[in-house]
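Please open the model in your viewer and keep the sequence panel beside it. The stops below go from a whole chain to its parts, and then to the place where two chains meet.

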Protein chains: 2
Amino acid sequence: MKTVHNFNAGPCVLPKQAIESAINAIRDFDNTGIGILEISHRTPGWERIMAETEQLWRDLLNIPEEYAVIFLGGGASTQFFEVPANLLKHKAAYLQTGVWAKKAAKEAKFYGEVDIVASSEDKTYSYIPKNYTIPTDADYFHITTNNTIYGTEIHTDMDCPVKLVADMSSDIMSRPVDVTKYAMIYGGAQKNVGPAGVTFVIVRKDILGQMERPVQTMVDYRTHIGDEPRNNSMFNTPPVFPIFVMHETLKWVKELGGLEAMYKINKEKAELLYNEIDRNSMFVGTAAKEDRSLMNVCFIMTEEHKDKEAAFMAFAKERGMIGIKGHRSVGGFRASIYNACPVESVQALVDCMKEFEAMNK
Amino acid sequence: MKTVHNFNAGPCVLPKQAIESAINAIRDFDNTGIGILEISHRTPGWERIMAETEQLWRDLLNIPEEYAVIFLGGGASTQFFEVPANLLKHKAAYLQTGVWAKKAAKEAKFYGEVDIVASSEDKTYSYIPKNYTIPTDADYFHITTNNTIYGTEIHTDMDCPVKLVADMSSDIMSRPVDVTKYAMIYGGAQKNVGPAGVTFVIVRKDILGQMERPVQTMVDYRTHIGDEPRNNSMFNTPPVFPIFVMHETLKWVKELGGLEAMYKINKEKAELLYNEIDRNSMFVGTAAKEDRSLMNVCFIMTEEHKDKEAAFMAFAKERGMIGIKGHRSVGGFRASIYNACPVESVQALVDCMKEFEAMNK
């Protein structure tokens, strides 16, 4: 089979060792004689995996005890309404950095007033707005730290006068994060931390249970937070296999040296690709340079070479590049180079761009 | 490795061929060179699997075109509030046949009046109430067709004066069902149709969109229903791998001869075990005979042999029986003999009971 380089935007490439562990566990989980798809979630071995998975999150992100870490179904899109259901009393503030941020704000309107403090929709979300004012009477301020479609990213943990809530679906575990700056962090697993089918929620416990309106049992985060100090996420049957693969993926991050090491590798990979985009006369990046994402690298052909887009796509595909078509709203190309994307794949894409330029000189 | 007999109540045993297909797909999905955990859900091969999975549901249950078939995350517990969010205008009627039915009714109270038409809580839910009256002014009547904990089951598709909504989490695909008698059928996949992590919803499309109150985007079933005639369940990233295993599990049911064939096998397996319970002087069934579940067989030691419960558990465990401990509210034993539980496992348990009786004579 030919070598492929997986640049899918999510679900996406996972660590090889996580994949192999997953296969072994499907054959036999924890020497039970039963595979992981067929075990009861009340099996002691599984309860251990749940506890270890939570501990891996705590260790890697240095999550303090006053935060709960829970695993849910339904994707980040479900959190778009669960966040305001749990936290919005009167007004929430949102930073609109892409369609996912916009969708998140839309759901908050079901629960109260929504203040869009800034938006970069005017320039196809190609930059992160700066110099906006966060209303101090907002119940929380919601940001999307990485914008998969547009290749922009908020690179720092901001100081925020109100509770800061972040959708980190596509850059969680790519760099160290100061969790204490956030009231809540959530996201779908299917980029850096696992396959599709599980959502993570990190939430400061003291901010919960303050709503006057009733909150449905499954929507109330407290339902999924078990006894102290260990949370459990087992109110109902959890998505067992996706959580197992998450466990194996986080183990890999830890073995690699944790988030400082991961961040260093991610910066090197992104630099390799952005340098080529900036050097190569045929390509140009679409995101504002200071806001360039380390996870999703978006680029188009220069005006002069616009007619060669299909040709480059075919050329790259022939060389094993998969998933590099840009989102239709941006066009061109997008290489998603998440944690598990090997530097060899990034190098292969860079070589491809160089060769294509040479061919067209 | 010793032979084990998996009687887990869910997640539970799956068809061997589904497991093998899952492993192969993790190594390489659809000759893409990328495994199923790492493909984009926008990959054409995946879109085909989604369409085929829906078609398998339609073929096996003979689901008419006016019903949508969608796949969601969050488990059946999430449907407990999504059902009333989509369907409850003023009043809903619920049949209380167990704790899951009770939990479902609890969530409906967030949206309107709830009429519990009958309950078998008085006798630890050991029977299905009969001779109740369904209020004709209810928006819908909710039933739980199989009660996993207590081993009771509603064996027929009832005539209902209002919209009939059924949680079929633990007996879906165990027998042919007249879908046209129901307005909606839903359930978690993790018994008969797949691993944990995906929920199925079969809903008549004309009953949707009639709420006066706003319904959050992810909660509104219409969000997940795509263009006619094919639905898509791809508003956000679906739980890809659990759906793939569902696809393979349903293929196995179809290859076996569909639901008539499945039902015949299920009746034979249940008869084998219930006959032994009735014959064996040491055991007694806990569910009313006419309401006995074909899926979950609950039994306890007779009064005379109550002190030998732990001994039988150890004896059975030694012989490879896994997951036969009864739920704490019923006690004793529960053998869950879902679709994929081989008759050999049921026979092994029966042999075990016979041997134990002989040993104790």
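Two residues are in contact here if their C-beta atoms, placed from the backbone, lie within 7 Å. With that in mind, begin with chain A of this predicted model, where, among contacts between residues at least 6 apart in sequence, 66% join residues at least 24 apart.

Keep the whole of chain A selected and turn it slowly. Nine helices and 14 strands make up its secondary structure. Its radius of gyration is 21 Å, close to the 21 Å that the globule rule gives for 361 residues, so chain A is as compact as a globular protein of that length. Taken along the principal axes, the box filled by its C-alpha atoms is roughly 65 × 55 × 30 Å, and 54% of the 361 residues count as buried.

Next, colour residues 16–256 of chain A, which form domain 1, and in a second colour residues 258–359, which form domain 2. The C-alpha centres of these two domains of chain A lie 28 Å apart, and the contact between them takes 23 residues from domain 1 and 24 residues from domain 2. On the domain 1 side, select strand 7 (152–153) and helix 6 (240–256) of chain A, the elements that give two or more residues to the side touching domain 2. Helix 6 of chain A gives the most to that side, with three residues. By class, this side of domain 1 of chain A has nine nonpolar, nine polar and five charged residues.

Now select residues 91–96 and 113–119 of chain A, which are strand 3 and strand 4; they pair in the parallel sense over six bridges. To follow the route between them, add helix 4 (residues 99–108) of chain A, through which the chain crosses from strand 3 to strand 4 in a right-handed β-α-β crossover. Which residue of strand 4 is the bridge partner of Tyr94(A)? Label Ile116(A), and you have that partner.

Finally, bring chain B into view beside chain A. Their contact takes 51 residues from chain B and 50 residues from chain A. On chain B, select helix 1 (16–27), helix 3 (75–87), helix 4 (99–108) and helix 6 (240–255), each of which supplies at least two residues of the side that touches chain A. Colouring that side of chain B by residue class shows 28 nonpolar, 19 polar and four charged residues.

How values were computed
Residues are numbered from 1 along each chain as its sequence is written. Chains are lettered from A and ligands numbered from 1 in the order in which they are written. This is a predicted model: local features need pLDDT of at least 70, side-chain atom pairs count only at pLDDT 80 or more; totals for chains, interfaces and linings use all residues. Two strands pair if DSSP finds at least two bridges between them. Helices (H or I, at least four residues) and strands (E, at least two) are DSSP runs, numbered from the N terminus. A crossover is right-handed if, with the strands pointing away from the viewer, the path from the first strand over the helix to the second runs clockwise. The radius of gyration is taken over C-alpha atoms; the globule rule is 2.2 Å times the number of residues to the power 0.38. A residue is buried if 20 or more other C-beta atoms lie within 10 Å of its own, exposed if 12 or fewer, and partly exposed in between; C-beta atoms are placed from the backbone. Ala, Val, Leu, Ile, Met, Phe, Trp, Tyr, Cys and Pro count as nonpolar, Asp, Glu, Lys and Arg as charged, and the others, Gly among them, as polar. Domain bounds come from an automatic or database domain assignment.
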